[in-house]
Amino acid sequence: MYTLHYAPGAASQLVHVALLECGAPYRLERVDLEGGQQHGTAYRALNPHGHVPTLIVDGRPQHECAALAMLLAERHPDAALAPAPGTAERADYLELMLYLANSVQPAFRHWFYPQEAGGDPEAVKTAAAARIESAWQHLATRLASAGPWLLGRSFSLVDPYATMLMRWSRHLPRPAPAFAPLAELAARVTARPAWRRAAEIEGLPAWP
Ligand SMILES: N[C@@H](CCC(=O)N[C@@H](CS)C(=O)NCC(=O)O)C(=O)O
């Protein structure tokens, strides 16, 4: 039994969706981000960064949404959320998971928490939005040449990860669904039972 410390629609959503895709047993603990619960002593003992998600795996708190989703894929191979090691698809999977984790998600962190970057918050947000938009262009080009999923013919974790981030762009100057291939991907991912169930449990409004 896993325990996911989450907040609705936050980076924990990817882990929530991955748990449901795997059919793994889990329980949820909601973290009140608006109330600052993530900075309290009890939660910091689980996650010293003061972020969601935290996933309790075999009694140990583990962090980082991309790593947690990849860990679940590894522990539940029957769910086929990641291509087999040694394949060309595996190379693309690793590239895209790390691209989303290292390049796209940190730009969102700057968009949502511009004060962390230092300097003028509006300038930080403008630069973050430009980086995010160029990521959408990159992913849309990939999808247009080899869809329907980001790895081509097979669904993988990359798809809900990109979709979670795309959802975060809904208040940006140019949201991801403005790019037709991304709108199609979002429609495909959000139609999956795991996404729908996670969104329902977390109480998220319909999107896109
Ligand atoms: N690198 C972390 C970042 C997680 C993160 O930024 N979580 C946000 C919510 S999306 C959070 O906990 N924000 C609360 C805060 O920073 O106070 C991960 O990927 O898990």
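Here a biologist and a modeller talk through a predicted model.

Biologist: Let's start with the overall layout. How is the chain divided into domains?

Modeller: There are two parts: domain 1 covers 2-80 and domain 2 covers 88-192. Their centres, taken over C-alpha atoms, are separated by 20 Å. Domain 1 gives 15 residues to the contact, and domain 2 gives 14 residues.

Biologist: Now the helices. What makes H4 and H5 roughly antiparallel?

Modeller: Look at the angle. The axes of H4 and helix H5 (residues 121-145) cross at roughly 155°. Angles over 145 degrees count as roughly antiparallel, so H4 and H5 are roughly antiparallel to each other. Their axes come within 8 Å, and the crossing is left-handed.

Biologist: Which residues make that contact?

Modeller: On the H4 side they include Leu 96, Tyr 99, Leu 100 and Phe 108, and on the H5 side they include Ala 128, Ile 132, Trp 136 and Leu 139. By class, this contact of H4 with H5 has 15 nonpolar, three polar and five charged residues.

Biologist: Why are H6 and H7 called roughly perpendicular?

Modeller: Helix H6 (residues 158-168) and helix H7 (residues 180-190) have axes that cross at roughly 110°. The range for roughly perpendicular is 65 to 115 degrees, and therefore H6 and H7 earn that name. Their axes come within 10 Å, and the crossing of H6 and H7 is left-handed.

Biologist: What residues of H6 and H7 make the contact?

Modeller: H6 brings Asp 159, Pro 160, Thr 163 and Met 166, while H7 brings Leu 182, Leu 185, Ala 186, Val 189 and Thr 190. Six of the residues in this contact of H6 with H7 are nonpolar, two are polar and one is charged.

Biologist: And what makes H1 oblique to H8?

Modeller: H1 and H8 pack at an angle of about 125°, with their axes 8 Å apart. Under 35 is roughly parallel, 65 to 115 is roughly perpendicular, over 145 is roughly antiparallel, and the rest is oblique. The angle of about 125° fits none of the named ranges, so H1 is oblique to H8. The crossing of H1 and H8 is right-handed.

Biologist: Which residues of H1 and H8 meet?

Modeller: From H1 come Gln 13, His 16, Val 17, Leu 20 and Glu 21, and they meet Ala 194, Trp 195, Arg 197, Ala 198, Ile 201 and Glu 202 of H8. The contact of H1 with H8 has six nonpolar, two polar and three charged residues.

Biologist: How do you know that H1 is largely enclosed by the rest of the structure?

Modeller: A residue counts as buried when its relative accessible area is under 20%. In H1, 10 of the 11 residues are buried, so the helix is largely enclosed. Among the buried ones are Leu 14, Val 15, Ala 18, Leu 19 and Cys 22. Their cover includes E1, strand E2 (26-30), E3, H3, H6 and helix H8 (193-202).

Biologist: Which residues are buried in helix H3?

Modeller: In H3 (residues 65-75), Cys 65, Ala 66, Leu 68, Ala 69, Met 70, Leu 72 and Ala 73 are buried. These residues pack against strand E1 (2-6), helix H1 (12-22), strand E3 (54-57), strand E4 (60-63), helix H4 (88-112) and H6.

Biologist: On to the loops. Why is Asp 58 called exposed?

Modeller: Exposed means over 50% relative accessible area. Asp 58 has 64%, so it is exposed. Asp 58 sits in the loop between E3 and E4, and its phi is positive, about 50°, although it is not a glycine.

Biologist: What makes Ala 80 count as partly exposed?

Modeller: Partly exposed lies between under 20% and over 50%. The relative accessibility of Ala 80 is 48%, so it counts as partly exposed. Ala 80 is in the loop between H3 and H4, and it has a positive phi of about 50° although it is not a glycine.

Biologist: Where are the cis peptide bonds to Pro 53 and Pro 208?

Modeller: One runs from Val 52 to Pro 53, with omega near 10°, and Pro 53 lies in the loop between helix H2 (41-46) and E3. Another joins Trp 207 and Pro 208, with omega about 0°; Pro 208 is in the segment after H8.

Key. Residues are numbered from 1 along each chain as its sequence is written. This is a predicted model: local features need pLDDT of at least 70, side-chain atom pairs count only at pLDDT 80 or more; totals for chains, interfaces and linings use all residues. Side-chain values use heavy atoms; hydrogens and water are left out. Axes are lines fitted to C-alpha atoms, for helices over the stretch in contact, and angles run from 0 to 180 degrees between N-to-C directions. Helices (H or I, at least four residues) and strands (E, at least two) are DSSP runs, numbered from the N terminus. A crossing is left-handed if the near helix is turned anticlockwise from the far one by less than a right angle, and right-handed if clockwise. Contact means heavy atoms within 4.5 Å. Ala, Val, Leu, Ile, Met, Phe, Trp, Tyr, Cys and Pro count as nonpolar, Asp, Glu, Lys and Arg as charged, and the others, Gly among them, as polar. Buried means under 20% relative accessible area, exposed over 50%, partly exposed in between (1.4 Å probe, protein chains only). Domain bounds come from an automatic or database domain assignment.
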